[in-house]
Structure formats: structure tokens, C-alpha cells
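The following exercises concern the overall fold of a chain and the packing of a pair of its helices. Please attempt each task before reading its solution.

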Amino acid sequence: MKYIFQLIILLLASSLQAGIAEKVQAVAAREKLDGVDLSVVVMDARSGEIEYQISEKVSLIPASTMKLITTSAALETLGDSYTYSTKVFYSGGDLIIEGCGDPALGLDEDIPADIASELKRKGITEIRNIIADSTFFDDQLQHPDWPAIEINRSYQPEISGISYRLNCAEFNVWPAGGKVLWDSEPETSFLKVQNKADYTSSRRNTVWISRKINKNSFTIHGDCGFQARPVEVPVHRPALFLACLTAEKLSESGVNLTGKLLESSADTSQARLLKSYKTPLLEAAEMANSDSVNLAAECIAKTLAAEKGHSRNQWEHFAGEAEDFISGCGAGLDGVVIRDGSGLSRGNRLTAEVIAAVLRHQYEREDFEKFKDTLAVGGVSGSGPVKRYFTQPSYKGKIYAKSGTMTGIKALAGYCFTDSGTFIFSIITNNANGHTRKAINDIVKSVF
């Protein structure tokens, strides 16, 4: 009876595999996907057996599913308990902000106001220089693959050893009395703004904001007939952005600044620690995987290089570390090209097989649940392509995934938690068309 029972289980499993394969094949064979480069792997997470695969070794642009490699490599190499710690020191009359690459700094706390409050509490009424030490990262603020025309986009901020408020300023623009008015958050002299927007009496808003390369000179363009959503624009030299905001807050609180704002290395060996601000690596990984924050992924990538002792060419060194990690997951490097950590670069190349191998490696780790919780949840939370879809009861809350979207590229990879077990899926499409997103979603649903 024991062997008969085992045979029944095997037959049921075989039937399940055939069912998944047939359903996925039906989706992949759609005529509407003609011309789309499609690479798919569906795998049983526990056994590692392949349920279905097609063109699994084809090298394609992964878009933001690249973040799965970045966060996985960092969590394994640095450890789940790794914590970013930005420190503020007082030394010889200077205020020193020592960066650590934390991408979340300033999201939940007004750091300049907190520093000013701490100085006041300690009775310090005069500061010579404010030194922003961002040298934990190299000084390559933009990846060479990233288009210069995109520097105005919030998803392509500068990557600095000191980040603050996602390295962006937020602009509000609205019509009033036949004029166009604006303000910024934060309000600061760091931003030099020229308002060229035109008032219109029609219900139209075409406002956009540009910034000159390597400057903090912003220009407001377009027609404004109503107040639209705020526009976020990256700033140049985020470390000095925080230093300037701190100086202004100190002035408001009565602390006199007699020197300059500097971005340079600083010796803190004999300095007095005033404050420290901490962010767990897992929180940064959730920013990257669930919310697809490019800044978080790139900070994680450079942190991995920095912690390995690389102070220059950190994107290149990260690529080497990521390749070593992929090899350690049992995947080959044929077709793998790693250029950045977020997937913004169109020079990145991955295969569905590689992503599936990394996801299975994470599944087998003792701390898998921690990694799983960094992902977007179908129908529940995270970036749009995961949260907006899979809202039906059969799928809602049962799919944990990372999406990837760029012009002509759509990808999705993660885990399905079904009544029949846990399955890994990895789907990359290039030359995507208007039907590709539905096809990707249908492939995932085929697992259930």
C-alpha cells in the first residue's frame, strides 16, 4: 500500500506538470506574440524540476528584474542583518555628515531639523564648515549607459555616498490671478529656478521641469491651467543638497555658520558623534524589489562594491561580484552582462534560466521569508505591474514578484504559492507589444 500510494502521488505530480506545460505553451504560442522575444522558465521551487521552459538560455534585456540579482547578491554577501548607518560628527568646530550609501535617508525624518535640534541641545551656537563626506561611494554619479536626456526624470537620480529624499526636489506649479506660481519641497536656496511657464485659461496643464547637466539650475516650462500633481526632479550633488538644507535649518535655529559647505573626505577618528541614522539592508531591498526604486538598487550595488574594498569603478566591481554570486547559484554566465544594479542600462543581459536559478537559491536559504517579503505582492502591494493585476481571489496575495518595464521590454519573475506547492517563474520579453503584459500574466496564472 505504501508503494501504491507513492505511485499515485507521482502520477498526480506528472499530471500537474503536464497541465502547467500545456497551459503555458498555449499562451506562449499565441499569434499575437509573433515577433516578441520570449524567454520562460517555470520550476518547482522545492525539487528544482522544470515544469516548462522555452528559450530559457536566450540573453535578453531584463529591465528592473535585474534588481533581483542585485538584492540577492547583497543580502547573501553582506548578510540579512547589514544596516546602513549615516553618522553626524562635531570636530574642531566642523559639522561632519559621514555618508554610508543609505538610499532611505530623509524619507521618514527631517534630518537637518534633527541635527539643528541636537546642536541646540548641546549648546553649540557656531559651526565653522559643514562637511558632507560622500566618499563611501566613488564620484561617478550617473552611469555611462544612462541617457543624459533622462537626468530630469525622478527614476534616474544621481547616485551618491550621501543621499537625501531620494535625491529629488518636488515642485508644485499652479495658476493664480493670470500668473503661474510655484514652490518647492524642500524650500531651499540650493535650487535656482527660472519660471517660463505660461498661464492658460483652458483646463490644460503641460508643465514640465528641466535641469541643466551638472548644475542645480531648473526651468519650469509649459502651459498651466490647473494645479497638477507635484513634479519630482533629481538634484545635482545630493551630498551638498543635504549640507545646504542643514545650513539653512541651523540658521533658522540660531546656529551661526562661519565657513563653507564642503563635499570631501573627513577624518572622524577623534570626532564627537552627535547622531546616527540607520536603515536595514532589508528595508533598502524592499524599496528596490517591491517599489522598484532605482536609487535603492544602485546604492545596494555600490555598497556591495564598497564593502569589498573597492573605492573606484564601483559599478564594474559590482558586476564582478554579481557574476560570482550567479555562479554560486549554479547558473552559467553565458549570455550574462551586468552593467548596473537597477536595470536602467539597456546593456544588461540576463536569461530566464539565470533569474530562476537565483530565485531557487533564495528559496533554499534559511532566511527565505525575509527575501520574499521584499517583493511586490500580487493584487496587494508594490509596483503597478504586480499590485494592479492578480486581484482575483485565486491569485491575490499568492504571487510574490519583481516586475520589469522599459520601452519594448516587459518582464516578471518570482514565486507562486499554490495549493499544489510553490513554483518559481521567470519571464523576460523583448520587442514587447500591446499583448505582452496579458500573456505574461496568463503564464503566471497557468501555474495555479
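A residue counts as buried when its relative accessible area is under 20%. The model examined here is predicted.

**Exercise 1.** Determine what share of the residues in the chain is buried.

*Solution.* With the cut-off above, buried residues account for 53% of the 448 residues. The accessible surface of the chain amounts to about 19700 Å², and carbon and sulfur atoms contribute 47% of that surface.

**Exercise 2.** Assess whether the radius of gyration of the chain agrees with that of a compact globule.

*Solution.* Step one: for 448 residues, a compact globule would have a radius of gyration near 22 Å. Step two: the chain has 25 Å, which agrees. Step three: along the principal axes, the C-alpha atoms fill a box of roughly 85 × 60 × 35 Å. The secondary structure of the chain consists of 11 helices and 21 strands. Of the contacts between residues at least 6 apart in sequence, 69% join residues at least 24 apart.

**Exercise 3.** Describe how helices H6 and H7 are oriented towards each other, and identify the residues in contact.

*Solution.* Two packed helices are described by the angle and the distance between their axes. Step one: the axes of H6 (residues 294-307) and H7 (residues 314-328) come within 8 Å and cross at roughly 80 degrees. Step two: angles of 65 to 115 degrees count as roughly perpendicular, and H6 and H7 are therefore roughly perpendicular to each other. Step three: H6 contributes Glu 298, Ala 301, Lys 302, Leu 304, Ala 305 and Ala 306 to the contact, while H7 contributes Gln 314, Trp 315, His 317, Phe 318 and Glu 321. Step four: sorted by class, this contact has 6 nonpolar, 2 polar and 3 charged residues.

How values were computed: Residues numbered from 1 in each chain as written. Predicted model: local features only at pLDDT ≥ 70, side-chain atom pairs only at ≥ 80, totals over all residues. Heavy atoms only, no water. Axes fitted to C-alpha atoms, helices over the stretch in contact; angles between N-to-C directions. Helix = DSSP H or I, 4+ residues; strand = E, 2+ residues; numbered from the N terminus. Parallel < 35°, antiparallel > 145°, perpendicular 65-115°, else oblique. Contact = heavy atoms within 4.5 Å. Nonpolar A, V, L, I, M, F, W, Y, C, P; charged D, E, K, R; others polar. Rg over C-alpha atoms; globule rule 2.2 N^0.38 Å. Buried < 20%, exposed > 50% of the residue type's maximum accessible area, 1.4 Å probe, protein only. Areas by Shrake-Rupley, 256 points an atom, 1.4 Å probe, with all protein chains shown as cover.
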